[in-house]
Each structure stands twice: as structure tokens, then as C-alpha cells.
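Me: I should like to learn how to read the features of a protein model. Could we go through one together?

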Amino acid sequence: MSSILPSSARITALDVLDVRFPTSEHLDGSDAMNPEPDYSAAYVVLRTDAGDGLEGHALAFTTGRGNDVQAAAIAALAPHVVGLSVEEVCADLGSFSRSLVHDPQLRWLGPEKGVIHMATGAVVNAAWDLAAKRAGKPVWRFLGEMSPEELVAQVDFRWLSDALTPEEALDILRRAESGRALRIGHLLDKGYPAYTTTPGWLGYSDEKLARLAREAVADGFTQIKLKVGASLEDDIRRMRTARETVGEGFRIAVDANQRWDVQDAIDWMRALAPYDPYWIEEPTSPDDILGHAAVRRAVGPIKVATGEHIANRVVFKQLLQAGAVDIVQIDSARVGGVNENIAILLLAAKFGIPVCPHAGGVGLCEMVQHLSMFDYVAVSGTIEDRVIEYVDHLHEHFVDPVRITDGHYLAPALPGLSAQMHPDSVKEYAYPDGPVWAARV
Ligand SMILES: [Mg+2]
């Protein structure tokens with residue numbers, strides 16, 4: 001497809017739009033650390049003069065006021081993007097992603113962590129969206145049909161080689177090469193397993209929890225998740241309610257959203273253990289590798305999961321090296337985009353740890369499904385004990401929303417990363433001047 005485009009085509013603009021949803025009004029998304037989130041997107045549009053009508057779309061997810069800062073950080077990357085050759089960027093996204101983390105003045109804000117790194121991730125993901133659209137493929141398939149050598153070239157191995165070398169990565173990818181076609185067929189046929197967090201928000205009543213848990217079982221999910229960590233007494237009651245509703249053996253994960261110190265996490269999980277929680281997610285600070293290892297040693301066989309606030313591939317590397325996690329939870333919009341997530345998928349495969357992505361928010365389900373499906377096709381080669389989080393919020397604002405059937409994500413069919421929003425949604429929820437906000441602030 002790219003051969004018909006003029007080689008002179010350039011990226012002409014990196015637009016950043018502040019889009020916020022007043023989700024705090026219904027306590028959707030409420031957890032022990034985020035009592036009133038307004039789910040928000042710092043939404044990126046890469047425009048070109050290629051004349052093919054294609055744009056690159058992606059977003060950084062935040063929860064309200066942080067969107068001001070996030071949008072400014074993304075805008076600061078524009079000088080590194082505007083004017084670049086569309087063909088050169090799309091042909092070598094590895095070099096493109098590495099170029100964005102090397103600005104010495106912006107690098108001081110990280111390096112490769114926090115707001116500035118999420119900005120990199122949003123821009124890198126928008127470039128992947130554009131490249132996949134030009135190739136006419138959804139990103140999961142665009143990646144899943146690359147050669148092992150092309151995939152290894154996407155990864156920045158700096159700071160990783162003590163745990164994963166390019167040669168080892170190549171071996172992992174070559175081992176998975178033979179079954180690719182079969183697994184693509186399976187995804188097209190059946191999709192990828194999901195679990196749902198919809199029943200478990202902290203602000204919901206016990207009745208609502210039980211009703212939504214019953215619906216989750218009826219809808220074909222094999223796992224639900226409950227938010228915990230505000231009140232032990234409430235959590236014991238909610239966990240008992242959920243267990244009685246879904247029955248023995250059904251997987252119930254719990255998520256503390258970093259609420260506890262290490263010993264609190266251990267004590268709290270021992271109190272919940274009689275109700276057989278499957279994993280404890282974010283028991284403590286996302287930076288505390290040794291703390292996670294201590295919790296894991298103390299609460300087994302309950303599994304320890306984390307990742308949605310893990311800043312970059314180096315912290316994931318250490319969590320794996322330290323034996324601190326049972327489940328790696330990648331996030332499409334936290335680290336430096338598709339490229340860094342390929343590195344994390346390869347690390348998890350090397351250590352034999354399943355990846356169960358974080359999703360929800362705005363557009364996170366849409367984007368991260370591509371990474372899990374790619375992992376299944378070309379990296380780990382398995383869906384055993386792997387599920388993608390699903391939250392039933394805000395999908396209606398996307399042009400290619402996730403489709404869930406019988407507890408599975410159906411494989412996206414449209415080209416790109418599925419992050420493109422409807423123009424009307426962007427206008428209506430624009431902060432602070434869109435009609436939804438003008439009526440409120
Ligand atoms: Mg979580």
C-alpha cells in the first residue's frame with residue numbers, strides 16, 4: 001500500500017485534544033485510591049499530507065486534572081515528530097520510538113517514566129496506528145505477521161541484556177513461528193479470553209455487586225475482580241457475597257490499587273484467604289519490587305499481580321528477576337508504547353510468567369487487546385491462564401469498539417490500533433469547553 005504514496009509525504013501535525021468523561025458522578029471506576037475519577041484521554045492525532053485520508057490515533061489515559069499535564073507533555077514532543085517522512089517512520093518504528101526518549105531536556109523529566117514517558121507512549125502508539133492502517137491490518141495482525149528479526153528490531157534492549165538478550169528474544173520468537181497461522185485462525189474464530197471488573201467497584205452496593213457478578217457468570221466470563229483496601233470489614237463481606245454468588249472454583253481476583261504497606265497487604269490477604277482470592281493486584285507501591293516479593297512469599301498460593309503503574313521495562317525486568325510477581329499486567333498507555341510492550345511481553349515469556357493486561361479507563365481495552373493477541377500469535381504462543389481485563393465503560397465513543405462474546409474479546413478486524421474516537425464524542429466531551437463540561441464547570 002505504501003508504494004502508491006508519494007515518498008515525500010510528511011507528518012504535518014501532532015494534535016493533542018483534552019477529552020474527559022464525568023464518570024465520577026456514578027462512582028464507575030471507584031477504588032481505594034481513586035474515589036472520584038473522571039476518566040480522561042489526552043488524545044493524539046497524527047496528521048499527514050499523504051493524501052490517503054489516514055491519520056494516526058492513540059491516547060494517554062488519565063483521571064481528570066492530570067490530563068492538563070499529560071496533554072502538555074505530549075505537545076512537547078511535537079518538534080520531534082512534525083516534518084518526519086511518513087514512510088520512514090512507518091518502516092522503522094523501532095528507531096522512531098527510540099528517537100523520542102533521547103531529547104536531553106525532556107529526558108530529565110524521566111528518564112523513561114511518568115508523564116513524559118506516557119506522552120512518548122501515546123505518540124508511539126499513534127504511529128503504530130498509522131502504520132497498521134497504511135498496511136491495511138489491525139495492529140495485532142500487523143505485528144503477528146512480522147518476522148522474528150523485524151520484531152527484535154522494535155525493542156530497545158538497553159538496560160535489559162542482563163535478563164534478555166536480542167539472541168534470546170529471537171529464539172523465543174522463532175520457537176513460536178510454526179504455530180502462528182493456527183493461532184490466528186483460533187483468534188478469528190473464538191477470540192481471546194476476558195475477565196470483568198464491572199461488578200467490583202468499591203462504590204457499588206452489595207446488591208449491585210451480586211447482580212453484576214451473576215450477570216458476569218451468565219455472560220460467559222470465567223473470572224471477575226473486586227476492588228479492595230478501604231475497609232477490611234467491608235471487603236470480607238463483599239468477598240463473601242461475591243463467592244456465594246459465583247460459587248466455588250470461579251476465579252475472583254482482588255485489587256488494592258496500591259493501598260497498603262507490605263505487612264498490611266499480608267494481613268489483609270490472610271483475612272480474605274478463606275474466600276479463595278485468585279490474585280492480589282497492586283498490593284503496594286508499584287515501585288516496591290522487594291515489597292511485592294515479600295507479599296508473594298507470604299500470601300501464596302494467592303498470586304501477586306501488578307503492572308498498570310509500572311513505569312517501564314526495567315522495573316518489569318526486576319519484578320521478574322526478583323520472583324516478585326505471578327502475573328504481569330501490561331498497560332497499553334503507561335509505558336513507551338507498542339515497542340516497549342513488545343519488550344515486556346518478551347521478558348514475561350523468558351521468565352514463563354503469564355501476561356494478563358490491565359484495561360478499562362478510556363480506550364485501554366481497545367488498544368491492549370492487540371498486544372495480547374500478538375503475544376498469543378507470535379510470542380508466548382498460549383492463552384493458558386491469560387485473560388484481558390474488561391470493563392464495560394465508554395466503548396461507544398470509539399470507531400472500532402471492543403466486541404465481547406461469551407467472555408472473549410473478538411479479534412479486531414479494522415486496520416489500526418482501535419483507538420480512534422468518534423469526532424462527535426471528541427467535540428462533546430472536550431474539556432473545558434465541550435457542551436458536556438460547559439454545563440458543569
Ligand atoms: Mg488495577
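Reply: What follows is a reading of this predicted model, taken by topic.

Me: Into which domains is the protein divided?

Reply: The protein is divided into domain 1, covering 2-137 + 427-438, and domain 2, covering 173-419. The centres of domain 1 and domain 2, taken over C-alpha atoms, are separated by 24 Å.

Me: How many residues of domain 1 are in contact with domain 2?

Reply: There are 38 residues of domain 1 in contact with 34 residues of domain 2. On the side of domain 1 that touches domain 2, at least two residues each come from β2 (40-48), β3 (56-62), α3 (93-100) and α5 (114-135). Of the elements on that side, α5 gives the most, with 12 residues. By residue type, the side of domain 1 that touches domain 2 consists of 17 nonpolar, 14 polar and seven charged residues.

Me: How should one read a sheet, and what is the order of the strands in the open sheet of three strands?

Reply: As a general idea, the strands of a sheet pair through backbone hydrogen bonds, either parallel or antiparallel. Here, the open sheet of three strands has the order β1-β2-β3, and its pairing is antiparallel. β1 (11-20) and β3 are the edge strands, each pairing on one side only. From one strand to the next, the twist averages 20 degrees. Between β2 and β3 there are seven bridges; Val45 has His57 in β3 as its bridge partner.

Me: Which helix packs on the sheet?

Reply: Helix α5 packs on the sheet and touches β1, β2 and β3. The direction of α5 makes about 150 degrees with that of β3.

Me: Turning to another strand, why is β5 largely enclosed by the rest of the structure?

Reply: Strand β5 (residues 223-227) is largely enclosed because five of its five residues are buried. Gln223, Lys225 and Lys227 point one way from β5, whereas Ile224 and Leu226 point the other way.

Me: Which strands are joined to β5 by bridges?

Reply: Strand β4 (residues 192-200) runs parallel to β5 and is joined to β5 by two bridges. Within that pairing, Gly200 has Leu226 as its bridge partner. The chain passes from β4 through helix α10 (residues 206-218) to β5 in a right-handed β-α-β crossover. Strand β6 (residues 251-255) is also parallel to β5, with five bridges joining the two. There, Lys225 stands opposite Ala253 in β6. Together with helix α11 (residues 232-246), β5 and β6 make a right-handed β-α-β unit.

Definitions and conventions: Residues numbered from 1 in each chain as written. Predicted model: local features only at pLDDT ≥ 70, side-chain atom pairs only at ≥ 80, totals over all residues. Domains from an automatic or database assignment. Contact = placed C-beta atoms within 7 Å. Helix = DSSP H or I, 4+ residues; strand = E, 2+ residues; numbered from the N terminus. Nonpolar A, V, L, I, M, F, W, Y, C, P; charged D, E, K, R; others polar. Buried ≥ 20, exposed ≤ 12 C-beta atoms within 10 Å, placed from the backbone. Pairing = 2+ DSSP bridges. Right-handed = clockwise from strand over helix to strand, strands pointing away. Axes fitted to C-alpha atoms, helices over the stretch in contact; angles between N-to-C directions.
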